[in-house]
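Me: I'm new to reading protein structures. Could you walk me through this one, step by step?

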Amino acid sequence: MQSDVNAAKAISSVQGTIEGRSIDFVPDSERNDKLSSQGPFWFVGNFTFFTMTIGFVGPSVGLTALWTTLAGTLGIMFGTLFMAFHGSQGPHLGLPQMIQSRAQFGYRGVVLVLLATLFVFAGFNIVNLVLMMQGLKTLFSWNPFQVALAVTVPATILAILGHDWMHKTFKWSLYLSLPLYGLVTLAVLMGWVPDAKPITGATPVAALGFNWTGFIAQFAAAASYNIAYAPYVSDYSRYLPKNTPSGKLITAVFLGASLSGAWMIAVGGWLGAHLHATDVLVSLNQVGASIAPKLGTLVVAVAILSFLPVIAMNIYSAKLTAITSVDSFRKIAPTAKVRIVAIIFVVLLQLGVAMTIYNSGSGLSVLNIYLVLMLYFLVPWTAVNLTDYFFVRKGRYAVPHFFMPGNNIYGTWGTRGLLAYAIGFVAMIPFFCVFNGSEEVYVGSLARAMGSVDLAWLVGLIVSGAAYYLLSNSLDLDSEERVIEHIEKHMPEFTTGDKKRV
């Protein structure tokens, strides 16, 4: 009997430390997050040295730091709109983002979108690891694999501990990074960092100015950066109380993510234009060393330390995506053990690919191409998902049916969502515009006719959203509503509010 009591205490202790939830519904009794935490959380998510690399795009395509800042700010604000509206789904439904996508794409059909989002979550960390391995190898001759392990292990532990620990460490990350990047910004504004001198015998650097192709390329890179956060947001807002005001939550997410994103892109634009930066950690070391001896090393160390929670966030969301993918074909219990196994899978995948890219020596070019492809894959999904949530089903969902492999009202394959995604993606192809710096990778016929201006993302948003809305005219929403009302009558914990909520 005593052993049973001790075992129960041990289990309770572990559950109190490690998040017990996975892809399952979060009941009201466990929703202890506060709205006030969302703005700072998403501010820190973009307040990183990696976001600065988005500002490298502008100077690489001929923009001055000022034009880079303007294009990046407008782009980040545009992308954050989609990200912020997704955030309102978390407290309303109490679900991870990609589980809710089963309503549009079907119980198994959602795997198409899951593969795209897994590419984003894992891809972010892969590029992050490559940037850190390259920077620390250049600065201190550190072994790249040891660097990858030193960064990945604590981030993995944090991802295993889960949601509550993520929020705690993001708070400490803010305390570390705010004075750091405040100092870097002050150094840039005050002119404490001298411009890079031309290298003797090197090809002269072209004068920077303004061009529409570069402006739109920078806009699209910044927009894609925060649109890529769209599949994350509900994962970290689902622990908010169900009655959280949607307008206030959307505003908090928007301000947090767009302000820090614009700030970091502006600094990155200056580093790219004045220091000809291609390695962000090397550039930060140069900025710190210009202020005081050895300060560059401290700047790099704090930049990496404050970045660990973001690495963990990517692992955490990639884990939810991996579990949802498996669950779509083979029902699994959403236990802590399943979470840990999924996390280990994601981490090993990231490490393997990161080492391969590092050894190829193509880190920054991979980043530029990755940002564009990420936007292309996610735009049709976000258009379909938001159209369904705000204009078709208006926030009314039968939550238990998201977890029913058969006989659920959303079907196994969501023909309307899959078709709308495909239509939008195909419509984008002639507008694709992928460059590696000034080197053309792929330019669609219509993009070339417009002077290689990238409008594929805009086409995808409009076409996918419109296609889904039109295809949804045949949905039997009255029948769905009767099912939802039955669920709410007998299982009131799954209520999703009235039709006027959203």
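Reply: Happy to help! Helices (H or I, at least four residues) and strands (E, at least two) are DSSP runs, numbered from the N terminus. The model here is predicted, so local features need pLDDT of at least 70 and side-chain atom pairs count only at pLDDT 80 or more, while totals for chains, interfaces and linings use all residues. Residues are numbered from 1 along each chain as its sequence is written, and side-chain values use heavy atoms, with hydrogens and water left out.

Me: In which helix is isoleucine 216 found?
Reply: Look for the run that covers residues 212–227. Isoleucine 216 falls inside that run, which is helix H12.

Me: Is isoleucine 216 buried or exposed?
Reply: Buried means under 20% relative accessible area, exposed over 50%, and partly exposed in between (1.4 Å probe, protein chains only). Isoleucine 216 has a relative accessible area of 15%, so this residue is buried.

Me: Which residues does isoleucine 216 touch, not counting residues up to four places away in sequence?
Reply: Contact means heavy atoms within 4.5 Å. With those sequence neighbours set aside, the residues that isoleucine 216 touches are Val453 and Asp454.

Me: How far apart in space are isoleucine 216 and aspartate 478?
Reply: In sequence, 262 residues separate isoleucine 216 and aspartate 478. In space, going from C-alpha to C-alpha, the separation is 43 Å.

Me: How far apart are the end C-alpha atoms of helix H9?
Reply: The expected span of a helix is 1.5 Å times one less than its number of residues. H9 covers residues 111–140, which is 30 residues, so it should span 44 Å. The model agrees with that expectation, as the end C-alpha atoms of H9 are apart by 42 Å.

Me: How many residues of H9 are buried?
Reply: H9 is largely enclosed by the rest of the structure. That follows because, of its 30 residues, the number buried is 23.

Me: What phi does serine 141 take, just after H9?
Reply: Serine 141 sits in the loop between H9 and helix H10 (144–161). With a relative accessible area of 57%, serine 141 is exposed. Its phi is positive, in a residue other than glycine, and lies near 60°.

Me: Where is lysine 394, which has a positive phi although it is not a glycine?
Reply: The phi of lysine 394 is about 50°. Its relative accessible area is 37%, so lysine 394 is partly exposed. You will find lysine 394 in the loop between helix H19 (363–392) and helix H20 (415–428).

Me: How many salt bridges are there?
Reply: A salt bridge is a side-chain nitrogen of Lys or Arg within 4 Å of a carboxyl oxygen of Asp or Glu. Counting by this rule gives 8.

Me: How far apart in sequence are aspartate 327 and arginine 102?
Reply: The side chains of aspartate 327 and arginine 102 form a salt bridge at 2.9 Å, N to O. This pair links distant parts of the chain: aspartate 327 is in helix H17 (residues 308–327) and arginine 102 is in helix H8 (residues 102–105). Both residues are buried. Along the sequence, they are apart by 225 residues.

Me: Which lysine forms a salt bridge with aspartate 327?
Reply: In this bridge the closest N and O atoms are 3.8 Å apart. The lysine has 44% relative accessibility, so it counts as partly exposed, whereas aspartate 327 is buried at 1%. The partner is lysine 331.

Me: Which residues are linked with Asp28 in a network of salt bridges?
Reply: One bridge joins arginine 31 and aspartate 28 at 3.8 Å, N to O. Arginine 31 is buried at 5% relative accessibility, while aspartate 28 is partly exposed at 43%. The network links Asp28 with Arg31 and Lys242.

Me: How many residues of H17 are buried?
Reply: H17 has 20 residues and reaches 29 Å from its first C-alpha to its last, close to the 28 Å expected. H17 is mostly covered, and of its 20 residues the number buried is 19.
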